[in-house]
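Please read this briefing beside the sequence and the model, and follow each topic in turn. Which helices and cores should a first-year student look at?

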Amino acid sequence: MKILLVGASGAVGQAVRQTLAHHQVLTAGRNSGDFRVDLTDEASIRALFQAAGRLDAIISATGKVHFGPLAEMSTEQFRIGLEDKLLGQINLALIGQHHLNDGGSLTLTSGIISETPIRLGSNATTVNRALEGFVLGAAAELGRGLRINAVSPNVLAESWNKYQNFFPGFEPVPASRVALAYRRSVEGVENGQVLRVW
Ligand SMILES: NC(=O)c1ccc[n+]([C@@H]2O[C@H](COP(=O)([O-])OP(=O)(O)OC[C@H]3O[C@@H](n4cnc5c(N)ncnc54)[C@H](OP(=O)(O)O)[C@@H]3O)[C@@H](O)[C@H]2O)c1
């Protein structure tokens with residue numbers, strides 16, 4: 001399969017790339033990869049698909065959210081997750097669906113905070129739930145055998161040093177295990193699902 005992987009240089013993306021190495025994987029990122037793209041910029045997404053050509057699968061392993069106390073959260077801070085992780089991935093799917101071959105797939109990334117809230121995480125919980133809602137709604141309408149799923153990872157072992165203070169009592173999972181859910185989404189038959197790796 002010809003697969004476009006956005007966020008390929010990240011903690012999740014690197015593992016996904018390795019797990020899908022038996023396919024042709026085109027990599028994209030804001031500052032790295034075969035193609036440069038900024039998912040917060042619609043024109044940049046359109047240019048990415050023009051350059052990449054027809055695809056069998058599109059994977060997003062990116063998305064920024066704002067972590068901070070609810071009592072001090074400004075609208076501007078809340079918009080960070082809405083514009084980047086939520087709308088960025090949704091726009092990738094909205095535009096990308098038209099560049100997929102019949103039977104192709106879209107795989108987006110949410111996260112465990114969708115269902116297990118943490119302190120300072122209200123922006124992330126909102127965005128992850130909304131992404132999962134988009135996947136549910138979009139799956140019902142996609143034609144031509146196209147499918148869409150979200151992978152919801154727990155904190156990665158590889159990111160534990162960075163995030164452990166946010167996730168007391170959580171059990172980190174190896175990125176290689178998380179990557180298997182992306183493989184399941186791309187090579188399997190599931191549609192409209194949240195593939196949890198907890
Ligand atoms: N790491 C975890 O423990 C964990 C757990 C659960 C969920 N998640 C979710 O998994 C996703 C990836 O997390 P991560 O930790 O792997 O991130 P990361 O290591 O920070 O990597 C982010 C990747 O996304 C690319 N990127 C950043 N902003 C972009 C933009 N505006 N447009 C296009 N590409 C952009 C980066 O490209 P460049 O390097 O080229 O700039 C990089 O490849 C996020 O949605 C995160 O919430 C992560």
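**Helix packing and nonpolar cores**

Helix 1 passes helix 6 in a right-handed crossing, where right-handed means that the near helix is turned clockwise from the far one by less than a right angle, and helices are DSSP runs of H or I with at least four residues, just as strands are runs of E with at least two. This is a predicted model, in which local features need pLDDT of at least 70 and side-chain atom pairs count only at pLDDT 80 or more, while totals for chains, interfaces and linings use all residues. Residues are numbered from 1 along each chain, and side-chain values use heavy atoms, without hydrogens or water.

**Helix 1 and helix 6**
- The contact (heavy atoms within 4.5 Å) involves residues of helix 1 including Val12 and Val16, and residues of helix 6 including Val178 and Tyr182.
- The residues of this contact divide into nine nonpolar, two polar and one charged, where Ala, Val, Leu, Ile, Met, Phe, Trp, Tyr, Cys and Pro count as nonpolar, Asp, Glu, Lys and Arg as charged, and the others as polar.

**Helix 4**
- Among the buried residues of helix 4 (under 20% relative accessible area, 1.4 Å probe, protein chains only) are Leu131, Phe134 and Val135.
- What covers the buried residues of helix 4 includes helix 3 and strand 5.

**Cores**
- The largest nonpolar core (buried Ala, Val, Leu, Ile, Met, Phe, Trp, Tyr and Cys residues joined through side-chain atoms within 4.5 Å) has 39 residues, and its largest share, seven residues, comes from helix 4.
- A second, separate core of 22 residues includes Val16 and Leu156.

Methods: Buried < 20%, exposed > 50% of the residue type's maximum accessible area, 1.4 Å probe, protein only.
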